[in-house]
Amino acid sequence: FPWARVQLNVLVGGRSQVGVPVKLLRNGEVVAEMKGGAKPAAITPGKYEADVMLKGTTIRVKGLLFPEGATQTVPVRVQF
């Protein structure tokens, strides 16, 4: 099956936040849970949204794209 290997780089105010919990959503359903800065993980390529848990608040980030066959660090830019 098609795959992408991604590492999430959670950015808050331009600074990386390692270890921040992230839930990846596709079509409104959680399909994976990862942490910012964790080693790359295999996932189906395509468009995703992310729920990022920061300081007791969940922030939705839209428009994440994971290209097929690539190992990439994907920026997840969180805005309060």
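Modeller: Two strands count as paired once DSSP finds at least two bridges between them. The strands themselves are DSSP runs of E, at least two residues long, and helices are runs of H or I, at least four residues long; both are numbered from the N terminus. This is a predicted model, where local features need pLDDT of at least 70 and side-chain atom pairs count only at pLDDT 80 or more, while totals for chains, interfaces and linings use all residues. Residues are numbered from 1 along each chain as its sequence is written, and side-chain values use heavy atoms, with hydrogens and water left out.

Colleague: What makes β6 and β7 a pair?

Modeller: The bridge count. Eight bridges join β6 to β7, in the antiparallel sense. The rule asks for at least two, so they pair. One bridge joins M53 to T58 of β7.

Colleague: How do you know that β3 and β4 pair?

Modeller: By the bridges again. β3 and β4 run antiparallel and share six bridges. One of them matches L24 with A32 in β4.

Colleague: Why is the sheet called open, and in what order do its strands stand?

Modeller: The order is β4-β3-β6-β7, four strands with antiparallel pairing. β4 (29-35) and β7 are the edges: each has a single partner strand, so one side of each has no neighbour in the sheet. From one strand to the next, the twist averages 30 degrees; axes are lines fitted to C-alpha atoms, with angles from 0 to 180 degrees between N-to-C directions.

Colleague: How many helices and strands does the chain have?

Modeller: Zero helices and eight strands. The order from the N terminus is β-β-β-β-β-β-β-β.

Colleague: What makes E49 and R60 a salt bridge?

Modeller: The distance. A salt bridge needs a side-chain nitrogen of Lys or Arg within 4 Å of a carboxyl oxygen of Asp or Glu. The closest N and O atoms of E49 and R60 are 3.0 Å apart, so the pair qualifies. E49 sits in strand β6 and R60 in strand β7, so the bridge ties together parts that are eleven residues apart in sequence.

Colleague: How many salt bridges does the structure hold?

Modeller: Two. R60 also bridges to D51, with the closest N and O atoms 2.4 Å apart. E49, D51 and R60 are thus linked in a network of salt bridges.

Colleague: Is D51 buried or exposed?

Modeller: Buried. Residues under 20% relative accessible area are buried, those over 50% are exposed, and those in between are partly exposed (1.4 Å probe, protein chains only). D51 has 12%, so it is buried. E49, at 25%, is partly exposed. R60, at 41%, is partly exposed too. Over the chain, 34% of the 80 residues are buried.

Colleague: What makes the 21 residues a nonpolar core?

Modeller: A nonpolar core is a set of buried Ala, Val, Leu, Ile, Met, Phe, Trp, Tyr and Cys residues joined through side-chain atoms within 4.5 Å. The largest such set here has 21 residues, and L8, V10, L24, V52, L64, F66 and V78 have the most contacts inside it. β1 (4-12), β3 (21-26), β6 (46-54), β7 (57-66) and β8 (71-78) each supply at least two of its residues. The largest share, five residues, comes from β1.

Colleague: Which residues does F66 touch?

Modeller: A contact means heavy atoms within 4.5 Å. Leaving out residues up to four places away in sequence, F66 touches A4, V6, L8, L24, I43, P45, G46, Y48 and V74.

Colleague: What is unusual about phi at N27 and K55?

Modeller: Most residues other than glycine have a negative phi. N27 has a positive phi of about 55 degrees and is not a glycine. The hairpin of β3 and β4 that holds N27 has two residues between the strands. K55 has a positive phi of about 50 degrees, and is not a glycine either. K55 lies in the loop between β6 and β7. N27 has 79% relative accessibility and counts as exposed; K55, with a relative accessible area of 79%, is exposed.

Colleague: How do you know that the chain agrees with a compact globule?

Modeller: By the radius of gyration, taken over C-alpha atoms; the globule rule is 2.2 Å times the number of residues to the power 0.38. With 80 residues the rule gives a value near 12 Å, and the chain has 12 Å, so the two agree. The C-alpha trace spans about 35 × 25 × 15 Å along its principal axes.
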